[in-house]
Amino acid sequence: MSFQFNAQSKFESFLTPSDSLNLKRQHTVIITEAALASVTLIGLNQLWYADYPKSKFHFINDNTEWLQMDKIGHMYSAYHLGRFGAEALNWSGSSKKTQLIYGAGIGFAFLTAVEVFDGYSSEWGASSGDLIANAAGTALYVSQELLWKEQRITPKFSFHTTKYAEQRPDVLGKSFSEQILKDYNGQTYWLSFNLHSFAKESKIPKWINLAFGYGADGMLSGNFKNENVDFNQNQEIYRQYFLSFDVNLTKIETKSHFLKTIFSVFNTIKIPAPTLEYSANKGLKAHVFYF
């Protein structure tokens, strides 16, 4: 029991952010982030892009595809990659300036590198819309730190399986893990607002959020009209808007830095909750729980 207590104590001490610059930790963070980014990019190049012919670097205009769900996904990814990068540097005791420049910027840098790969692939092409979305995600994090010194608005994600993946598994995914990434019909992106942060003197619990979501349904291809699809030509495609409650896990009070780390990681996901949905063609709809 004594050994277990000491091990837990050391682990907790390891996770505790340094109150001053710890160069050993800072070097560890920088080397780890660089290594992970490099390995991921090399893996993408070998496992994904290597199967398609190369071309001269070029841009494409895909801003109308998938009802912009992919663009919101880029913003979400850039925000959280940057947030994790900044929080890792905060753990090392780095200055706020260093956290915002090098930590928060890692999401934009990594996703821009992926965009360069796209630009040299004849199958795809670099997208100005993706680059703008990447910048918007990074800016959302940095601007809140500069303005409020906290994150009051958090992008979140939820997913449910749909019938469309069975119709076009090659495009929308065969397995559950593929569908999470490819089936935009089942994805919902949220902006989760922490109510107490906007009303510090109120008695609103610090962990309660109000979330506004966006989704889309009926998409069998990126094209708005499902053109070049051999079936369901008249499939109705529409945007969805959501209103729901949420939980900000990082606002749950705990002295455990292990739990704080877990809460930070899972604060990327919107919890299932009663939800109102609105779409132009189907009007208002209530869900007891929506994810």
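Begin with the whole chain in view: this predicted model has 291 residues and a radius of gyration of 21 Å, which agrees with the value near 19 Å for a compact globule of that length. Displayed along the principal axes, the C-alpha atoms fill a box of roughly 65 × 50 × 45 Å.

Next, colour the protein by secondary structure. The cartoon shows 11 helices and eight strands. Contacts can then be drawn across the chain: among those between residues at least 6 apart in sequence, 68% join residues at least 24 apart.

Now select the buried residues, which make up 41% of the 291. Within the interior, go to L67, M69 and M219, the residues with the most contacts inside the largest nonpolar core, a set of 16 residues. To see which elements build this core, select α3 (69–91), β3 (153–159), α7 (164–167) and β5 (208–217); each gives two or more residues to the core. Then move the selection to L100, A104, Y141 and V142, which are among the seven residues of a second, separate core.

Finally, turn to the surface. The protein exposes about 16400 Å², and carbon and sulfur atoms supply 64% of that area. For the last selection, take the charged side chains, with 27 positive and 26 negative charges. How far apart are the mean positions of the positive and negative charges? The two mean positions are separated by 9 Å.

Terms used. Residues are numbered from 1 along each chain as its sequence is written. This is a predicted model: local features need pLDDT of at least 70, side-chain atom pairs count only at pLDDT 80 or more; totals for chains, interfaces and linings use all residues. Side-chain values use heavy atoms; hydrogens and water are left out. A nonpolar core is a set of buried Ala, Val, Leu, Ile, Met, Phe, Trp, Tyr and Cys residues joined through side-chain atoms within 4.5 Å. Buried means under 20% relative accessible area, exposed over 50%, partly exposed in between (1.4 Å probe, protein chains only). Helices (H or I, at least four residues) and strands (E, at least two) are DSSP runs, numbered from the N terminus. The radius of gyration is taken over C-alpha atoms; the globule rule is 2.2 Å times the number of residues to the power 0.38. Contact means heavy atoms within 4.5 Å. Accessible areas come from the Shrake-Rupley method with a 1.4 Å probe; for residues, only the protein chains shown count as cover. Lys and Arg count as positive and Asp and Glu as negative; His and the chain ends are not counted. The place of a charge is taken as NZ of Lys, CZ of Arg, CG of Asp or CD of Glu.
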